[in-house]
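User: I would like to learn how the words used for a protein model follow from the values behind them. Could we go through the reasoning step by step?

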Amino acid sequence: KTSDFLLFIWLVVCGGLLVQVAFVPVLKLAQLDSTTNLILAGASFHAGMLLGFGVFRLLRRAPTQTPPPARVIAAGLATFAIVLPGITAASLAWQFLLNLLGIDAQPQDLVGLFADAKSIPLLALMIVVATGVAPVTEELVFRAGFFRYCRGRMPRWAALTLPSVLFAGLHANLASFVPLALLGVVFSLAYERTGRIAVPIIAHALFNLNTIVLILAGVGP
């Protein structure tokens, strides 16, 4: 229902903002460097989004059937294995096109944060957020939220495209826009096929982990 969808989005966004605002005085008292403040502020926002989702589930309790964990994990691994070569090729093609047009598109700021991280605890925190927290919140919002809502209200191509474009656009980076939009489409297809949000969450986490490993190895984003 539209009312449920709007309630879901409102609780998730408000949860993220409230927790982040509540966490600001703690950051000021801690007197940390700007990079650490940025990472912790982002982590607090994601934590608040999860809190909002938890409140929504309490308000809209529904019986669920849990498939065998091994099947869900296998589906997540398969989705990652399928998406990785395609997104890599799309990234190279998109970068080639941008270069051909004379557009200097820089990598996401997080790429630089990972590459330049000197603190082991801070690096560990960023890895946890990127591979554990962000995939959960983003998949809940864009696949279990926007895609699920759009799927029954517009043509399938539009339901696949609109949430994915929004997902890519909110990352605010031209260099990764097309690859992330395609990634969103594949994750939506995986969710649609399996009916389990855990499947794209696992694939998303593995994709982010693969990107981090490449950055730390000096290969690039």
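Analyst: Let us begin with burial, bearing in mind that this is a predicted model. Of the 221 residues in the chain, 38% are buried, a word that stands for a relative accessible area under 20%.

User: What makes the chain as compact as a globular protein of its length?

Analyst: The chain has 8 helices and 0 strands, and its radius of gyration is 18 Å, close to the 17 Å that the globule rule gives for 221 residues, so the chain is as compact as a globular protein of that length. Its C-alpha atoms fill a box of roughly 45 × 45 × 35 Å along the principal axes.

User: Why is Gly 52 called buried?

Analyst: Gly 52, which lies in helix H2, has a relative accessibility of 4%; because buried means under 20%, Gly 52 counts as buried. Leaving aside neighbours within four places in sequence, Gly 52 is in contact with Leu 11 and Val 12.

User: And why is Leu 101 called exposed?

Analyst: Leu 101 has a relative accessible area of 57%, and because exposed means over 50%, the word exposed applies to Leu 101. Leu 101 lies in the loop between helix H3 (69-100) and helix H4 (109-116), and it helps to make a nonpolar surface patch of about 600 Å², together with Phe 96, Leu 97, Leu 100, Ile 103 and Leu 174.

User: Which residues have the most contacts inside the largest nonpolar core?

Analyst: They are Phe 8, Val 12, Leu 183 and Ile 197, in a core of 30 residues. The largest share of this core, 6 residues, comes from H5. A second, separate core of 10 residues includes Val 111, Leu 123, Ala 130 and Ile 212. As for Val 12, not counting residues up to four places away in sequence, it touches Gly 48, Met 49, Gly 52, Phe 53 and Val 141.

User: How do you know that Arg 143 and Glu 139 form a salt bridge?

Analyst: Their side chains come to 2.8 Å, N to O, and because a salt bridge needs a side-chain nitrogen of Lys or Arg within 4 Å of a carboxyl oxygen of Asp or Glu, the pair of Arg 143 and Glu 139 qualifies. Being 4 residues apart in helix H5, the two are separated by about one helical turn. Arg 143, at 0% relative accessibility, counts as buried, and Glu 139 is buried with a relative accessible area of 0%.

User: What makes Arg 151, Arg 156 and Glu 192 one network?

Analyst: The structure holds 3 salt bridges. Arg 151 forms one with Glu 192, where the closest N and O atoms are 2.6 Å apart; Arg 151 lies in helix H5 and Glu 192 in helix H7, so the pair ties together parts that are 41 residues apart in sequence. The side chains of Arg 156 and Glu 192 also meet in a salt bridge, at 2.8 Å, N to O, and with Arg 156 in helix H6, this pair ties together parts that are 36 residues apart in sequence. Salt bridges that share partners thus join Arg 151, Arg 156 and Glu 192 into one network.

User: Why is Glu 192 called partly exposed?

Analyst: Glu 192 has 28% relative accessibility, and because partly exposed covers what falls between under 20% and over 50%, Glu 192 counts as partly exposed. Arg 151 is partly exposed at 31%, and Arg 156 counts as partly exposed at 39%.

Methods:
Residues are numbered from 1 along each chain as its sequence is written. This is a predicted model: local features need pLDDT of at least 70, side-chain atom pairs count only at pLDDT 80 or more; totals for chains, interfaces and linings use all residues. Side-chain values use heavy atoms; hydrogens and water are left out. Patches are made of residues with over 30% relative accessible area and no salt bridge: like charges are joined within 9 Å, nonpolar side chains (Val, Leu, Ile, Met, Phe, Trp, Tyr) within 5 Å. Accessible areas come from the Shrake-Rupley method with a 1.4 Å probe; for residues, only the protein chains shown count as cover. Buried means under 20% relative accessible area, exposed over 50%, partly exposed in between (1.4 Å probe, protein chains only). The radius of gyration is taken over C-alpha atoms; the globule rule is 2.2 Å times the number of residues to the power 0.38. A nonpolar core is a set of buried Ala, Val, Leu, Ile, Met, Phe, Trp, Tyr and Cys residues joined through side-chain atoms within 4.5 Å. Contact means heavy atoms within 4.5 Å.
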